[in-house]
Amino acid sequence: MLRCALLALALATTVAASPAPAPAPAPRPTPVPVPAPQALSSASSLFSSVTGAVASALPTILGDWPSLSDIEKKLGVNNGNDLQNVSASALLIPSYANLSTGDSWNVRFYGLAYKLPNVNTSDLDSLINDLSTNNLNDTQKSLLQNRTQDLASLPIPKANLTALVFANGSAVTNSSGIQLATADDVGEFDQFVTVPGLGGNSTNVRIIETGIMNVTGPGNGTVVLVPPTGISVVSDIDDVMRITKVYVPNQGLFNSFVQPYVNVPGIPELYAHWNETLPGAAFHYDTTTPVELTRTYVDYLFSNFPLGSLEMRPINLTQPSQILEARQNSLLKLFQTFPRRKFVLVGDTSSSTLLSAYPQIAQQFPNQIACIFIRNTSATDPDDKIPYSTSDFKNLPNNTWFFYRTADDLFNLNITNGQCRNDSVPQNVTFGEQGGVLGNGSNGLTVGSAQYAAAFFGTVLVFILGAF
């Protein structure tokens, strides 16, 4: 019902917690649990605003994902006994490590223990709610089945796993491996382990390999050894790196499951340029796509962009506040793990979570912010009719953030020396509800009168709430 209501709205307006490693200097204190972000004063207001209501309720790739119980029901799995004859598998999500002491590094092991039952094609096609599979060509059908197969992964609660570490093709750990902490109730694990023998300090990023013993699934992954100082790029993926169109009903799902992934023009070249020119460059990619689709994203990312770490959406997060909290926690973990590094944060206006999370982490760690870059999707794509809020940027220094249109707007900025703005691109940020059908101006950042905006969004909110 909600999907139908929002689709009607679009047509009518075409108007249509885990331990964190200690900072690098010795002696190293005992790791402590990651605290909740402190600067949360505007988080609740974001999602209580009409912009938050519209954006978070959109039936996009982010909001209409099947829950774990939905998937189990569609696959006919009632309990763990149905999977007794299915072998265990493990997924290691690309992660990062910081220097401990000497040649030891705090290595993050992050992933999922699961079982993948045999699933027929019709069941795979039905896993994604409201995704039409009619009139697909052979390439689209193959992509759909390959991508939805991983979505059928069913977690192993409280799994006990043993990890291995390799560097330059040779084992660093002994044959007995590293016993990881027990996975949680939905098979997820996320912890740091101090691993010796990986080499001392370096000014450049290095890559090591990791693996999980005694599983039939791939169980292999990569970890980025990030030097204590330098510049880290933290980037959203959908509509920043690849064209997803999460702001168009059903289009985000279609582009994610049945279409080849398409780069946002110029972004691979921009990230390659940053990788070559930023001192000690490291890359951390962040998405709210569920963890089960990690392999699909890894195959795409590391064929087009610099190697780095990846943050995926935990299992069974469905509420906007939960997704925002996951974003905040992943950022907090990074900033605490690398207290001497500077961060470039890249997002887009279609992600309401990042428009809140980025300014908040910048207020918490002002000395670690290099630049915040936000792609204004409404300025370059007429299909983006969704308003967004820039209110959380009000308390940040103007020279630290920039709303861009294309990769060319960013290519020649001297980030190392603190240049975050391209003065040829007007900003006109009003620190409130912006964009959408009321936007005007060349870059889509300016809104019409407050009265009309309030009246319009009030009507939209009533319409959406009525759909429930």
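Q: Why is Asp 381 called buried?
A: Buried means under 20% relative accessible area, with over 50% being exposed and anything in between partly exposed (1.4 Å probe, protein chains only). Asp 381 has 9% relative accessibility, so Asp 381 counts as buried. Bear in mind that this is a predicted model, where local features need pLDDT of at least 70, side-chain atom pairs count only at pLDDT 80 or more, and totals for chains, interfaces and linings use all residues. Residues are numbered from 1 along each chain as its sequence is written, and side-chain values use heavy atoms, leaving out hydrogens and water.

Q: What makes the link from the side chain of Asp 381 to the backbone nitrogen of Asp 383 a polar contact?
A: The pair sits at 2.9 Å, and the limit for N or O atoms is within 3.5 Å, with one atom able to donate a hydrogen and the other to accept it; residues adjacent in sequence count only if both atoms are side-chain atoms.

Q: Which residues does Asp 381 touch, leaving aside neighbours within four places in sequence?
A: Lys 245 and Tyr 247, where contact means heavy atoms within 4.5 Å.

Q: How do you know that β14 and β15 pair?
A: Pairing takes at least two DSSP bridges, and four join β14 (residues 282-290) to β15, running parallel. Tyr 285 stands opposite Leu 310 in β15. Strands themselves are DSSP runs of E, at least two residues, numbered from the N terminus.

Q: What makes β15 an edge strand?
A: In the open, parallel sheet β15-β14-β13-β16-β17-β19, β15 (309-313) pairs on one side only, as does β19 (401-404) at the other edge.
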